[in-house]
Amino acid sequence: MKTLQQVLSHKTHQGIISIAPNRPVYDALVILAEYQIGALAVIKDGELVGIFSERDYAREIILKGRSSKTTQISEVMTEKVITGKPAELVESAMSTMLDKRIRHLPVVDNGKMLGMLSIGDILKETISYQQELIKQLESYIHS
């Protein structure tokens, strides 16, 4: 099974898509729509300080009747960010994401964010791994 670093290296978009905590939520929504993603890293002075997701928007803006043009990211972001390490295996990351009920996992090494993986990225890699394992087992059985 691959490491999180290996999965990151095969993603179509290699850069970190982020927003500053002092930006309005509206700006984050524009970025989410532009890149067709569900979450953004919130970066301040080069450090990961939070994550802003569609879930945060639904719960903190829509349901509370707040304005996305006047509310800052820092007011609604998730501050306690669960992260993965580059050497961590996909299987471990999937367990963490399921246990913690999160859909996005920033990968961090020595305080530096390397990228973000979604539950879709993790699931895609898991399916690929299992398909390869099935092929190997079928080959072994037929030989």
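**Briefing: a helix, two strand pairings and a surface patch**

Ser 53 is buried, at a relative accessible area of 12% (buried is under 20%, exposed over 50% and partly exposed in between, with a 1.4 Å probe and protein chains only). Ser 53 sits in strand S3 (helices, H or I, need at least four residues and strands, E, at least two; both are DSSP runs numbered from the N terminus). This is a predicted model, where local features need pLDDT of at least 70 and side-chain atom pairs count only at pLDDT 80 or more, while totals for chains, interfaces and linings use all residues. Residues are numbered from 1 along each chain as its sequence is written, and side-chain values use heavy atoms, leaving out hydrogens and water.

**Around Ser 53 and the open sheet**

- Leaving aside residues up to four places away in sequence, Ser 53 touches Gly 38 and Ala 39 (contact is heavy atoms within 4.5 Å).
- S1, S2 and S3 make an open sheet in the order S1-S2-S3, with mixed pairing (two strands pair if DSSP finds at least two bridges between them).
- The edges belong to S1 and S3, each with a single partner strand, so one side of each has no neighbour in the sheet.
- S1 and S2 run parallel and are joined by 2 bridges.
- Across from Ile 19 you'll find Val 42 in S2.

**Helix H2 and its two sides**

- Helix H2 spans residues 25-35, and its buried residues are Val 25, Ala 28, Ile 31 and Leu 32.
- Look down the axis of H2 and those buried residues fall within an arc of 115 degrees, so they line one face of the helix (the arc is taken over the directions from the helix axis to the C-beta atoms).
- Plenty of elements share the job of covering the buried residues of H2: the cover includes strands S1 (18-19), S2 (39-44) and S3 (47-53), plus helices H3 (54-62) and H4 (73-76).
- Turn to the face of H2 that points away from its buried side, and you meet the exposed residues Ala 33 and Glu 34.

**Two positive-phi residues that aren't glycine**

- Gln 36 comes after H2 and lies in the loop between H2 and S2.
- The phi of Gln 36 is positive, about 55 degrees, even though Gln 36 is not a glycine.
- Gln 36 is exposed, at 73% relative accessible area.
- Asn 110 is not a glycine either, yet has a positive phi of about 50 degrees.
- You'll find Asn 110 in the loop between strand S4 (104-109) and strand S5 (112-118), where Asn 110 counts as exposed at 78% relative accessibility.

**The S4-S5 hairpin**

- S4 and S5 form a hairpin with 2 residues between them, and Asn 110 is in the turn.
- The pairing of S4 with S5 is antiparallel and runs over 6 bridges.
- One matched pair here is Leu 105 with its bridge partner Leu 117 in S5.
- S4 is mostly tucked under cover, with 5 of its 6 residues buried.

**A nonpolar patch on the surface**

- Met 1, Leu 89, Tyr 129, Leu 133 and Leu 137 make a nonpolar surface patch of about 400 Å² (patch residues have over 30% relative accessible area and no salt bridge, with nonpolar side chains joined within 5 Å and like charges within 9 Å; a salt bridge is a Lys or Arg side-chain nitrogen within 4 Å of an Asp or Glu carboxyl oxygen).
- Leu 137 belongs to helix H6, residues 119-142.
- Buried or exposed, or partly exposed: which is Leu 137? Leu 137 is partly exposed, at 48% relative accessible area.

Technical notes. Areas by Shrake-Rupley, 256 points an atom, 1.4 Å probe, with all protein chains shown as cover.
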